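Here are some exercises to work through at your own pace. Try each task by yourself, then read the solution step by step.

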Amino acid sequence: MPSHVAVIMDGNRRWARMRGLPVGSGYEAGARAFRSIVELCCNWGIRVLTVFAFSSDNWFRPKVETDFLMGLFERGLRDELQHLTSAGVRISIIGDVSRLLKPLQVLLADAMETTINNSRLHLIIAVNYSGQNDIVQACQKLAIKVKDGLIEPEEINEFLVERELETNCTDFPHPDLLIRTSGEIRISNFLLWQLAYTELYFAHSLWPDFGEDEFREAVYSFQRRQRRYGGQKS
Amino acid sequence: MDGKRNTILFKLFGSSISYMRRCLFSVLSVGPVPNHLAFILDGNRRYAKKWNLGEGMGYRAGFLSLMSLIKYCYELGVKYVSIYAFSIDNFRRRPEEVQCVMDLMLEKIEGLLKEESLVNQYGVRVYFIGNLKLLHEPVRLAAERAMKATSNNNNSILLICVAYTSTDEIVHAAQESCEDKWATTQSSANIKDSQDGEEKDTDDVIKLSDIESHMYMRVAPDPDILVRTSGETRLSNFLLWQTSNCLLYSPKALWPEIGLRHLVWGVLNFQRAHPYLERGRKQP
């Protein structure tokens, strides 16, 4: 079973368009699929689930849509927080939250604090996240240490960079499996450094249709793969 | 007499195949053609095992496929081709295997420098991308000679990633950015006063553009398609930064089995996804 699964929840808008529904219905259906996947992860013993809720590239969507999405996110989190806490889920947020509305920022900080001691499943939600910006901010932190004379430039190594990435909130920062739904075959600036050796799985279903069967299929596919990490055949 | 006739027939056959290929490429070129293709050459060892070939023969078969594929790419009008020839992780393989690959690389790099080689035929400039200090000395020297010898070619570019991993590239870029930044700060601090201290603080932090300008791969734009053969669907620490919005394609064929049909299929997929990719790129 993979310890850390990452998901790009793609296809909500297409799902709505295909049914002649407004885009908001797509996002709501997506939220339902998300809740079901969180539950499956808890039941199957997956330790970390990272979801790409909102990319920093998504701000270019119509404002009406991004406002709806943020509203849905806030409502969903308020409604589910109690349930997630009692289910032993720890919530962490990665990404630049400073651009979000104040009430949402407060809610996110509160959610992280309330659930910090939970240990059944670590749910990492990427909001206004960019893989490249994550790497840049880690390098910036190291650059400041160099400036302050704490380390020399030549001492910067992969271990130090990893320690400064936003995924340093977990002991398993590298996803074993990345699932992207809706048939699009690219990473779209999600976790870049962390995906170095991750098995990638591209599902044809749109995110709202991604349920237990599809998730099981993805995990089976992962279990059949041979991971060599560039070295000898395992 | 028979031998001469066979040679003529063979040449005619070769020319017609070549002609048909050029026609196919003309049709493909009606749509957008990728500017930069990247390849992870996976499956050479499995190929050797599949056909009961000796140690190292899989890599040699892989090299022949590589030459054909590069030729097709340049004929199609692809300007940049990158290949993941040897990862830093691959140094962990058996020493005999590593030595075999190093020997083959040395042989082929020296071959590149010959007059009749592909790079001279197609005017290809060659770059060796990676932490070249980790290579065996003869290979590193040959690589440097090849880069120098082809530096005036400008039709197309071939980037050979050896002793490379993306995380190593990023670390190296961060190190160089810091060294550059503090070297400039030191020299300007000797001249300027510390009155505008606050402004200096923001300038001192390294930015995305600093990192990008120190990446080994700064000599090429981001790839449009990343192809990994042998059906494995992972990046294996190759161009993580540069492929953030790139189309991924993983045909099941082992690297030595890759052919024209895979290139055509990859390009067709690229053309289908192109409007979406372009929209993503235009957003600042």
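Helices here are DSSP runs of H or I with at least four residues, strands are runs of E with at least two, and both are numbered from the N terminus. One thing to keep in mind throughout: this is a predicted model.

**Exercise 1. Get an overview of chain B: how many helices and strands does chain B have, and what share of its residues count as buried?**

Step 1. Go through the secondary structure of chain B, and you arrive at 10 helices and six strands.

Step 2. Now for burial, where the cut-off is under 20% relative accessible area. Chain B has 284 residues, and 52% of them count as buried.

Step 3. Finish with the contacts. Take those in chain B between residues at least 6 apart in sequence: 80% of them join residues at least 24 apart.

**Exercise 2. Describe how H2(A) and H7(A) pack: at roughly what angle do their axes cross, and which residues make the contact?**

Step 1. Two packed helices are described by the angle between their axes and the distance between the axes.

Step 2. Helix H2 of chain A covers residues 23-44 and helix H7 of chain A covers residues 212-224; their axes come within 11 Å and cross at roughly 50°. That angle makes H2(A) oblique to H7(A).

Step 3. As for handedness, H2(A) passes H7(A) in a right-handed crossing.

Step 4. On the H2(A) side, the contact is made by A:Ile37, A:Leu40, A:Cys41 and A:Trp44, and on the H7(A) side by A:Glu212, A:Phe215, A:Arg216 and A:Val219. Sort these residues by class and you get six nonpolar, no polar and two charged.

**Exercise 3. Do the same for H3(A) and H4(A): how far apart are their axes, and which hand does the crossing have, left or right?**

Step 1. H3 of chain A spans residues 63-86, and H4 of chain A spans residues 102-114. They pack with their axes 11 Å apart, at an angle of about 35°.

Step 2. H3(A) goes past H4(A) in a left-handed crossing.

Step 3. From H3(A) come A:Met70, A:Phe73, A:Glu74, A:Leu77, A:Arg78 and A:Leu81, which meet A:Pro103, A:Leu104, A:Leu107, A:Leu108, A:Asp110 and A:Ala111 of H4(A). By class, that contact has nine nonpolar, no polar and three charged residues.

**Exercise 4. Move to chain B: which residues of H3(B) and H4(B) meet?**

Step 1. Set the geometry first. The axes of helix H3 (residues 57-76) and helix H4 (residues 95-112) of chain B come within 10 Å and cross at roughly 35°. Their crossing is right-handed.

Step 2. H3(B) brings B:Tyr59, B:Arg60 and B:Phe63, while H4(B) brings B:Glu97, B:Val101, B:Leu104, B:Glu107 and B:Lys108.

Step 3. Sorting them gives four nonpolar, no polar and four charged residues.

**Exercise 5. Look at the cysteines: how many disulfides does the structure hold, and which cysteine sulfur is nearest to that of B:Cys178?**

Step 1. A disulfide is a covalent bond between the sulfur atoms of two cysteines. The test used here is a pair of cysteine sulfur atoms within 2.5 Å.

Step 2. Over all chains, the count is zero disulfides. For B:Cys178, which is in no disulfide, the nearest cysteine sulfur is that of A:Cys139, 7.7 Å away.

Step 3. Check accessibility too. B:Cys178 has a relative accessible area of 1%, so it is buried. B:Cys100, at 22% relative accessibility, counts as partly exposed.

**Exercise 6. Inspect two serines: where in chain A is A:Ser182, and is A:Ser188 buried or exposed?**

Step 1. Most residues other than glycine have a negative phi. Against that background, A:Ser182 has a positive phi of about 75°, and phi of A:Ser188 is near 50°, also a positive value.

Step 2. A:Ser182 lies in the loop between strand S5 (177-180) and strand S6 (199-202) of chain A. A:Ser188 is in the loop between S5 and S6 as well.

Step 3. A:Ser182 counts as buried because its relative accessibility is 8%. A:Ser188 is buried too, with a relative accessible area of 14%.

Conventions:
Residues numbered from 1 in each chain as written. Chains lettered and ligands numbered in written order. Predicted model: local features only at pLDDT ≥ 70, side-chain atom pairs only at ≥ 80, totals over all residues. Heavy atoms only, no water. Axes fitted to C-alpha atoms, helices over the stretch in contact; angles between N-to-C directions. Parallel < 35°, antiparallel > 145°, perpendicular 65-115°, else oblique. Left-handed = near helix turned anticlockwise from the far one by under 90°. Contact = heavy atoms within 4.5 Å. Nonpolar A, V, L, I, M, F, W, Y, C, P; charged D, E, K, R; others polar. Buried < 20%, exposed > 50% of the residue type's maximum accessible area, 1.4 Å probe, protein only.
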